[in-house]
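Let's take a walk through a protein model together, one piece at a time. Keep the structure open beside you as you read.

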Amino acid sequence: MDLHLKSALNDKQYIGASTIEGPVLIIAGAGSGKTRMITYRIAHMLEQGIPQSHILALTFTNKAAAEMAERVRDLTRAKLPKLTTSTFHAFGVMVLRAEISHLGYDNNFTIYDQADIMALIKNVVRELKIPLEEVDLYELNNLFSSIKTKRSVWTAETSQYREIYDEYLLHLKAYNAVDFDDLIMLPLRLFEEHPAVLEKYRSRFNYIMVDEFQDTSHAQYKMVLLLASEHRNICVVGDDDQSIYSWRGADYENLVNFERDFPEVTEIKLEQNYRSTGNILHAANSLIANNTKRKKKNLWTGTEHGRTIVLHHPEDDEQEAQFICSKIKELSFSHGLTYVDFGVLVRTNSLLSTLEQAFLQEQIPYTVSGGQSFFSRKEIKDVIAYMRLLTNPDDNMNFLRIINTPRRGIGRVSIESLRSYAKSHHLSLFSAVSKLAYDMNAPIRDRLRDTCREFTELIELYKSRLFSKRDMAKTIRNLVGDIDYRDHLISEHPDNERIVQWKMKNIEIFINMFERWEKNPDNLDPNIYEYLNRISLTTKDDNDKETGKVNLMTIHASKGLEFNTVFLAGVEDHIIPHARSIEEDEMNIEEERRLFYVAITRAQQSLYMTSCSQRKVMRELIDTIPSRFIEEIPQELITHEEADAESTPEQAVDFFAKLKAKLAT
DNA sequence: CGCCAAATTATTTTT
DNA sequence: TAATTTGGCG
């Protein structure tokens, strides 16, 4: 390995990459080659003989973590199986898998996602006999999260929900389940209460790096602090202008905290932008200058002004999608771009569906990142629920999900009697069912007992198969066949053959994914617990290589990425800045602005923005007005492009002429 | 006691 | 629009 650090990096990046001992704080503006610097830094460490297993690099998204690892591997041409690059949450899972028994959980714990949590809270509310319409489950979820992570404390207003919260915690523990916040808070507790555990991870990870540091929460920062305070080899990289996760506890003040906790810090500012044209950067700088609470930065570029930013005003969201599709087709011919060069960004997931439909219709290949996860489709969740119950019999939530899916004739009343039986015997629901199946004195009907026996036998059979046989995927495939899941789907969708086909196909895709993972020779320990944990933290099939496709995503999901050409759709007031965000707190306007800033700075060469005059929201058409942020961009940088020229016959002819020419070469 | 069909309600961002 | 909940029927 021969890195040539000095010629590969600029002076500032060089300092960042080569200062591997002691604390380093890097303020890295958008597009300043931050990822490049981090990659070189890790490669450099390896070159200096630091073992890969001693390095810990933390980020916020799986995508960023995977990309970092890949780039280091490319640079070093080594496999690096022991290099830990992961998200905070995945790191938490790793710690918990090894140490959670210190806290009285079993290490086959289940991770509940937000949907699971909502369902659990709903159950608890019902159990406490509180009418459902008296509580807002979504708000309870938020409240509980901020209580757990110590972002807020009980107040006169919220303390009425304390009973629900306590009950919620008891349920989680009893089900041997953890929520996303636990993935940070429990490791933190382990580190604080079990010095031997802390020592173990401290001495293993001698070199720690945190990317997107402005998005760390206090708890996450505390975790890093505990790990690094002794060896002090800690490098954090961030940009306060790109802090877009304050709603889940991110606090860019951690940049200041870091300076306080590591006074001997080496500070570096990366201000040269290598990504965008002068115009795009100028627009971004002007916009973000409107924020009051920020570190002054002077982001500059040596490149040309480039094209102006195009602003288009379609009638409605369908025309907007149409405009984007035809622009993509047009540009891929006239500018020699391919589909991967395009990113289409939106503020909210709901804006994605109209776009998706248009892309399908226009036959433009695309992938959606973020948004509704593949794993949260109903049919997939059902299969996962079976897998979870097989691995963790205490998991009542997943038990409830599948006990009557497919229909086994266990309805509300039967479940109630199972519940009371379980409660009086201090058993989980599944254990209660297995006991009831053979308990002739239990006060239940014969039919219910028969069903219990059948269900117990089914689960026990597959449990033994799953843990004795090599081929876990095949076992799951057989299970899906055994329970006649297809018939279940048919009865759920009586006159919709297509949807049944589609859902069965999804299950097959899921099981194939599992199989590929299980049989991957690079996978050192293919065990089902790892797989289930893994998919709780990801939204996407990571085998799905996004080659040759247009990227559609939310602005949040786009952080850390870049595209030759960016389309920013729905640049309307109430969407960005989002109405609910402003409603919540006037001050949120600054975070919305940062979001807009992140979106703009994803673009390398061209930026298109669209702002509709009307938009379909749910059922009805709503009149909309352009985003106030457009006025914060110097108007000379913007060209207003009028109505859809691509649909004129002349243009069509021209388009096909170009297509022909292209095909001829 | 379970099941079906009509009624209802939900949409900010994510690990 | 689609999934989930509720009320009445078999």
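In this predicted model, find helix H13, which spans residues 278-288, and helix H27: their axes come within 10 Å and cross at roughly 175°. An angle over 145 degrees counts as roughly antiparallel, so H13 is roughly antiparallel to H27. Where do H13 and H27 meet? On the H13 side, look for Ile280, Ala284, Leu287 and Ile288, and on the H27 side for Arg593, Arg594, Phe596, Tyr597 and Ile600. Sorted by class, this contact of H13 with H27 has 7 nonpolar residues, 2 charged ones and no polar ones.

Now on to the sheet. It is an open sheet of 7 strands with parallel pairing, and the strand order is S11-S12-S10-S13-S14-S9-S17. The edges belong to strand S11 (366-369) and strand S17 (638-641); each has a single partner strand, so one side of each is left without a neighbour in the sheet. From one strand to the next, the twist averages 25°.

Let's zoom in on one pair of strands. Strand S13, residues 563-568, and strand S14, residues 603-610, pair in the parallel sense over 5 bridges. Here Phe567 stands opposite Tyr608 in S14. You will also meet a familiar helix: H27, residues 589-600, packs on the sheet and touches S13, S14 and strand S10 (342-346). The direction of H27 makes about 125° with that of S14.

Another pair of helices is worth a visit. The axes of helix H11 (residues 218-228) and helix H12 (residues 254-261) come within 11 Å and cross at roughly 25°. Angles under 35 degrees count as roughly parallel, so H11 and H12 are roughly parallel to each other. H11 passes H12 in a right-handed crossing. His218, Tyr221 and Leu225 of H11 make the contact with Asn254, Asn257, Phe258 and Asp261 of H12. By class, the contact of H11 with H12 has 3 nonpolar, 3 polar and 1 charged residues.

Finally, let's stop at a single residue, Asn396, found in helix H17 (residues 396-402). Is Asn396 buried or exposed? Its relative accessible area is 10%, and since buried means under 20%, Asn396 is buried. Leaving aside residues up to four places away in sequence, Asn396 touches Tyr112, Tyr175, Ser428, Leu429 and Phe430. For a sense of distance, try Met513: this residue and Asn396 are 117 residues apart along the chain, and their C-alpha atoms are separated by 26 Å.

Terms used: Residues numbered from 1 in each chain as written. Chains lettered and ligands numbered in written order. Predicted model: local features only at pLDDT ≥ 70, side-chain atom pairs only at ≥ 80, totals over all residues. Heavy atoms only, no water. Pairing = 2+ DSSP bridges. Helix = DSSP H or I, 4+ residues; strand = E, 2+ residues; numbered from the N terminus. Axes fitted to C-alpha atoms, helices over the stretch in contact; angles between N-to-C directions. Contact = heavy atoms within 4.5 Å. Parallel < 35°, antiparallel > 145°, perpendicular 65-115°, else oblique. Nonpolar A, V, L, I, M, F, W, Y, C, P; charged D, E, K, R; others polar. Buried < 20%, exposed > 50% of the residue type's maximum accessible area, 1.4 Å probe, protein only. Left-handed = near helix turned anticlockwise from the far one by under 90°.
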